[in-house]
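Work through these exercises with the structure open beside you. Try each task before reading its solution.

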Amino acid sequence: MVAGGKAAWQLADEAIMNKLNVDYVHLGEGELTIPALFKSILQGEELPGIIKGKEPNTDEIPNIRGATIHGLVEISRGCGRGCSFCTPTMQKLRFKSIEHVVRDVRTNVEAGQRSICLHSEDILRYGAKKIAPDDARVLNLIKSVASVEGIESVGASHIALATVYHNPGLLNAVSETCYSLLDQDWQGAQTGIETGSARLIAKHMRGKALPSPAEKWQEIVTQAFGILDDNNWFCAATMINGLPEETTDDVIKSIELVEDLKGISSLIVPMNFVSMRGSILDNDESFTMAKMTPEHWQLMGECIDHDLKIVPKLMRGYKNSKSIKSWLLSSAATRMANALNKYVNMMKRGEPPTERREVSKWLNPDIPDLKVTDAIQTNFKSKFKTKNFYTLVKSRNR
């Protein structure tokens, strides 16, 4: 803590807000607190600069009013596995009713969206009371969504590898339901490997392997990817460099795990650890390029090498589409993949592909002072004839 009872991060946030001329920042879920916030602002009430949202119950979350990007339809919030680097794990796990989900799906269909992506942290744990899935509720959800007239495909935003490993029959049933009821023959989702080190799993994300112990993590990952591949799922997985207290041996175990996954239809996305506000590890330093060791570069090279071998297969699927947009995306991705090839061997040898070693400005950017000028006030006044909008802009400039 510092003078005035405020933490250093609070003072830093306030300084950035002042520089950007931002009056209020809302953190967290907004269904309950955002309407009240705007009402208070318009009524001229005194409010703190940073407002934390209140978690709504699922029956307090309204249905969407229009189509969403890529037909994304939320089915749950929270996770329940408790990874310390992640923020969704800090939310209470709760599920929207099937009726609520179907209404959102129909809204998308009425707007012309034919592909639906069901959003949760793990599609296979929809409706679960504990770590084990409720097979009947999951399949009822999938059948209900797939039965909406006009739907051509149903996908998932995320799936947990441990759930797949422990419940292969459910994964197979979900796949077969979609493939038999709809005009689709593959599925896709995002998932998290994060590390090949059982030690780091036990330390930072023990719940990720449940109900198995952390020591089985490498087996869980390899077997789960095999099950997904057998059911024609194409997953994009994250791998994290620089988790707190990571050792060289931990990185080597991650490299070995990536090598074990070679040939599996998946993308492995390497990234550096970022300390996120609201997570358990939010006081730890983020991992930057300047801290990377030869082993970190080798892991990144192995991930990209794996991806470049899979991209042609993925792109063939896009090229088979009649859409000119898909064809252009395929061509652009292929060119990018070819351009990356020359850097991969350097990284696999543990060498950085660039000489740039300075600390990135991403975490400490140069922020210009932004002030509301008379010209901006005049522009707002001409666009918004109401007193409230002009009063807000005028008061902000004082």
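Axes are lines fitted to C-alpha atoms, for helices over the stretch in contact, and angles run from 0 to 180 degrees between N-to-C directions. The model is predicted.

**Exercise 1.** Find how helix 4 and helix 6 are arranged, and which residues join them.

Solution.
- Step 1: Locate the pair. Helix 4 spans residues 135-146 and helix 6 spans residues 168-181.
- Step 2: Read the geometry. The two pack at an angle of about 15 degrees, and their axes lie 10 Å apart.
- Step 3: Classify the angle. Angles under 35 degrees count as roughly parallel. Helix 4 is therefore roughly parallel to helix 6.
- Step 4: Give the handedness. Helix 4 passes helix 6 in a right-handed crossing.
- Step 5: List the residues. Helix 4 brings D135, V138, L139, I142, K143 and A146. They meet L170, A173, V174, T177, C178 and L181 in helix 6.
- Step 6: Sort them. The contact divides into nine nonpolar, one polar and two charged residues.

**Exercise 2.** Do the same for helix 8 and helix 9.

Solution.
- Step 1: Locate the pair. Helix 8 covers residues 217-230, and helix 9 covers residues 248-260.
- Step 2: Read the geometry. The packing angle is about 25 degrees, with the axes 10 Å apart.
- Step 3: Classify the angle. This makes helix 8 roughly parallel to helix 9.
- Step 4: Give the handedness. The crossing of helix 8 past helix 9 is right-handed.
- Step 5: List the residues. Q218, V221 and T222 in helix 8 meet K253, L257 and D260 in helix 9.
- Step 6: Sort them. The contact holds two nonpolar, two polar and two charged residues.

**Exercise 3.** Place T238 and find its contacts beyond its neighbours within four places in sequence.

Solution.
- Step 1: Find the element. T238 sits in strand 9, residues 233-241.
- Step 2: Check one partner. G192 is 46 residues from T238 along the chain, yet their C-alpha atoms are separated by 5.0 Å.
- Step 3: Complete the list. With those sequence neighbours set aside, T238 touches T191, G192, I193, E194, V269 and M271.

**Exercise 4.** Are C178 and C235 buried or exposed? How many disulfides are counted?

Solution.
- Step 1: Recall the cut-off. Buried means under 20% relative accessible area.
- Step 2: Apply it to C178. Its relative accessibility is 1%, so C178 counts as buried.
- Step 3: Apply it to C235. At 1% relative accessibility, C235 counts as buried too.
- Step 4: Count disulfides. A disulfide is a pair of cysteine sulfur atoms within 2.5 Å. By this rule the count is zero.

Notes:
Residues numbered from 1 in each chain as written. Predicted model: local features only at pLDDT ≥ 70, side-chain atom pairs only at ≥ 80, totals over all residues. Heavy atoms only, no water. Helix = DSSP H or I, 4+ residues; strand = E, 2+ residues; numbered from the N terminus. Parallel < 35°, antiparallel > 145°, perpendicular 65-115°, else oblique. Left-handed = near helix turned anticlockwise from the far one by under 90°. Contact = heavy atoms within 4.5 Å. Nonpolar A, V, L, I, M, F, W, Y, C, P; charged D, E, K, R; others polar. Buried < 20%, exposed > 50% of the residue type's maximum accessible area, 1.4 Å probe, protein only.
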